[in-house]
Amino acid sequence: MEWLSEFGAIAAMQGFNGLSVFCVLLLMALGLAIIFGQMGVINMAHGEFLTIGAYTTFVVSTLTEQFAPAFGPYYFFLAIALSFLIAGALGWLVEWVMISRLYQRPLDTLLATWGLSLVMQQAFRSIFGAREVSATLPEWLMGSWNPTEAIDIPRNGLFVMGLTLLLTATVFLMLYRSRWGLQVRATVQNRVMSRAVGINTRRVDRMTFALGCGIAGVAGAAFTTIGSTGPTAGSLYIVDTFLVVVFGGASSLLGTIASAFSIAQAQSIMEFFMSGSMAKVLTLSAVILILMMRPQGLFSSKVRK
């Protein structure tokens with residue numbers, strides 16, 4: 001029975017590790033699902049907005065240590081807000097300058113945003129250097145919680161889970177309980193008719209793109225609690241993020257949540273029994289097989305005929 005309890009403790013900790021990955025994937029995929037679902041834009045630079053949030057957190061952490069050490073226990077909340085605002089503002093600018101001129105041209109948008117991601121990565125190298133950096137976490141994010149003697153759960157993972165739940169609930173309320181959300185859903189269903197009834201679809205697109213990029217910035221702030229930040233940190237998550245959105249079903253937030261949970265837990269559990277690369281291969285193979293049988297993803301949007 002001792003080996004059984006030990007296996008249960010290991011399985012619980014692996015499951016929680018999967019939840020930490022799930023939170024970062026979900027925060028990334030939420031923004032991408034909003035952008036891709038409404039605008040049909042394949043934003044290959046989405047990962048770099050995560051990097052913006054991570055570097056913003058690092059800068060706020062460094063400035064706090066140098067000029068306001070007494071603010072140390074509270075700086076992380078300011079870093080999250082600034083990550084959202086800076087990434088969102090840059091997303092608004094990118095949509096205005098570049099994306100708005102490439103609608104209905106998916107291949108051009110794909111190439112343009114891929115080029116933008118390379119430019120942003122080089123800008124990160126020029127400003128922060130090629131080496132990875134880490135933010136100094138507050139004391140209350142350090143350590144772990146021990147529900148039993150055998151289970152050890154990091155506090156930073158619990159915080160990231162709480163942040164993800166709060167942000168996901170906020171996005172749902174905005175989409176289904178606000179005037180802006182009504183305009184977004186109308187634009188997704190019928191852009192021409194929405195424009196005909198007086199909805200400024202161009203402004204809705206711009207705000208949606210900014211919101212999606214801002215959420216990726218928050219994902220970057222959360223990412224600093226579980227890993228170090230480098231110029232290519234965001235690009236490491238972009239493939240998994242697109243996989244989550246396609247597997248869950250484009251424009252379906254519920255599908256995005258279910259897909260992120262399934263992929264993160266599958267990878268985490270399989271990594272315990274085999275190498276990380278093999279776990280990714282098996283997860284990707286399973287997703288491909290499911291998509292061959294259900295091309296619209298787990299949750300397809302319902303359309304009246």
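**Buried charges, a nonpolar core and a covered helix**

Reader: Are E95 and R206 buried or exposed?
Author: This is a predicted model, in which local features need pLDDT of at least 70 and side-chain atom pairs pLDDT 80 or more, whereas totals for chains, interfaces and linings use all residues. Residues are numbered from 1 along each chain as its sequence is written, and side-chain values use heavy atoms, without hydrogens or water. By relative accessible area (buried under 20%, exposed over 50%, partly exposed in between; 1.4 Å probe, protein chains only), E95 and R206 both count as buried.

Reader: How far apart are the closest N and O atoms of E95 and R206?
Author: The two residues form a salt bridge (a side-chain nitrogen of Lys or Arg within 4 Å of a carboxyl oxygen of Asp or Glu). The pair links distant parts of the chain, 111 residues apart, with E95 in helix α3 and R206 in helix α8, which covers residues 201-223. For the closest N and O atoms of this pair, the separation is 2.7 Å.

Reader: Which residue forms a salt bridge with D108?
Author: The model holds two salt bridges by this rule, and the one made by D108 has its closest N and O atoms 2.8 Å apart. D108 has a relative accessibility of 32%, so it counts as partly exposed. Its partner is likewise partly exposed, because the relative accessible area there is 40%. The residue that forms this salt bridge with D108 is R105.

Reader: Which residues does W92 contact, leaving aside neighbours within four places in sequence?
Author: W92 lies in helix α3 and is partly exposed, because its relative accessibility is 36%. Its C-alpha atom is 6.5 Å from that of F209, although these two residues stand 117 residues apart along the chain. Once neighbours within four places are set aside, the contacts of W92 (heavy atoms within 4.5 Å) are R206, M207 and A210.

Reader: Which helix gives the most residues to the largest nonpolar core?
Author: The core (buried Ala, Val, Leu, Ile, Met, Phe, Trp, Tyr and Cys joined through side-chain atoms within 4.5 Å) has 69 residues, and F49, F76, I80, F209, I215 and L253 have the most contacts inside it. Of these, I215 touches L27, L30, G31, I34, F84, L167 and V171 when residues up to four places away in sequence are not counted. With 14 residues, the helix giving the most to this core is the one at residues 2-39, α1.

Reader: How many residues of α9 are buried?
Author: Those that fall below the cut-off are Y237, I238, D240, T241, F242, L243, V244, V245, F247 and G248. Just after the helix, G249 takes a positive phi of about 110°. The helix is mostly covered, and of its 14 residues the number buried is 10.

Reader: How many helices and strands does the protein chain have?
Author: From the N terminus on, the elements run α-α-α-α-β-β-α-α-α-α-α-α-α, helices (H or I, at least four residues) and strands (E, at least two) being DSSP runs numbered from the N terminus. Among contacts in the chain with a separation of 6 or more, residues 24 or more positions apart account for 74%, and buried residues make up 46% of the 305 residues. The totals for the protein chain are 11 helices and two strands.
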